[in-house]
Amino acid sequence: MRQRHPDNAPGDWYVDRDCIDCGASRIVAPGLIVHHREQCVFQRQPETEEELVLAWRARLLCPTASVRSESPAHPPPGIFPEAMTDGVWRLGFNARSSWGAHSFLMRRPDGNVMVDSPRWASQLVETITDWGGLSDILLTHRDDVADAERYAKEFGARVWIHEADRGAAPYATNFLRGREPAPIAPGLLAIPVPGHTKGSVAFLLEERCLFTGDTLSWELETGDFRASRAVCWWSWPEQVASLGRLPGHRFEWIFAGHGGSHHLPADEMAARLGAFVRRLKEAA
């Protein structure tokens, strides 16, 4: 029996006590859903049509189905995939096996590309089919594979992962090796960033969008970058070193698996990231 957490704002929408505090709902419904006592709750009820869309977005992506409403209703169309910037979409339907990590889709003329995997969702399958299917699935690391194998079989897609994390995806077709950046396709570059796991990889689209997995995110509350030593599973010094190499690549968006995604002009992005890495090194 689902139990409403008592600290939700009074009203229709709430988060139940089964929340695992992955933070994904806070990312897509800022101002509505907040962190409170080791889980998420509704700080206030949605008041506008735009805020109702945010609430539904949180509900559809929540990996434990903990975002709920007391009134029966159907979601409005077009909740997911969610347009983020030109050619990039957030997929939603986050998987509990990935602890609620976000996944993304690049729409490309030479084949659509999924970055990390959501849970299996027929709504996504229908949309991706309408968009021309998938050519590739890029896995940033071992933690966020979710239902990648099922999507790969459905669409006949290649699956990429670093060989150091290959045990998480034995069905993978393509393996990245070493620490040097490697092209995947025109305008698409794999950048090994060992640290969070030995085989962590970031993917750079058109020197514009960097998909960082669990290596780097944007913290909405502080308005700055975030990298977590507490959930670094392989080597924190290696992760800091990997982050120090990223400002050498030009990009203006980061899309994170856990935590927020963010846009800054490319020069400001490099400067802010460089300053962040210097602070990490000073704290080491």
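A pocket, as the word is used here, is an open set of grid points with protein on both sides within 12 Å along at least five of seven lines. In this predicted model, the largest pocket holds about 740 Å³ of space. Its lining runs to 37 residues, and those nearest the centre are Asp21, Cys22, Arg226, His258 and Gly259. Helix 1, strand 2 and strand 16 (217-219) each put at least two residues into that lining.

Cys22 turns up again in the cysteine picture. Its sulfur has its closest cysteine sulfur in Cys62, at 6.2 Å, which is too far for a bond. Seen from the other end, the sulfur of Cys62 likewise has Cys22 as its closest cysteine partner, 6.2 Å away and too far for a bond. With a disulfide taken as a pair of cysteine sulfur atoms within 2.5 Å, the count comes to 0 disulfides. As for exposure, Cys22 counts as buried because its relative accessibility is 19%, with the cut-off set at under 20%. Cys62 is buried too, at 9% relative accessible area.

Next comes helix 2, which covers residues 49-61. The 13 residues of helix 2 reach 19 Å from first C-alpha to last, close to the 18 Å expected at 1.5 Å a residue. Buried positions in helix 2 are Glu51, Ala55, Trp56, Arg57, Ala58, Leu60 and Leu61. What do the buried residues of helix 2 pack against? The list takes in helix 1 (24-28) along with five strands: strand 1 (13-15), strand 2 (33-36), strand 3 (39-42), strand 4 (67-69) and strand 5 (82-85). Helix 1 and strand 2 are thus on this list and also contribute to the lining of the largest pocket.

Further along the chain sits an open sheet of 6 strands, ordered 12-13-14-15-18-19 and mixed in its pairing. Strand 12 (182-185) and strand 19 (262-263) are the edges; each has a single partner strand, so one side of each lacks a neighbour in the sheet. Strands of a sheet pair through backbone hydrogen bonds, either parallel or antiparallel. Strand 12 pairs with strand 13 (residues 188-192) in the antiparallel sense, over 3 bridges, and there Ala182 has Ala190 as its bridge partner. The hairpin of strand 12 and strand 13 leaves 2 residues between the strands, and Gly187 takes a positive phi near 80° in this hairpin.

The parallel sense shows up between strand 15 (residues 209-213) and strand 18 (residues 253-256), which pair over 4 bridges. Here Gly213 stands opposite Ala256 of strand 18.

Notes
Residues numbered from 1 in each chain as written. Predicted model: local features only at pLDDT ≥ 70, side-chain atom pairs only at ≥ 80, totals over all residues. Heavy atoms only, no water. Buried < 20%, exposed > 50% of the residue type's maximum accessible area, 1.4 Å probe, protein only. Pairing = 2+ DSSP bridges. Expected span 1.5 Å × (residues − 1). Contact = heavy atoms within 4.5 Å. 1 Å grid on protein atoms, 1.4 Å probe; cavity = no way out; pocket = protein on both sides within 12 Å on 5 of 7 lines; lining within 4 Å. Points joined across faces, edges and corners; volume = space filled by probe spheres on them.
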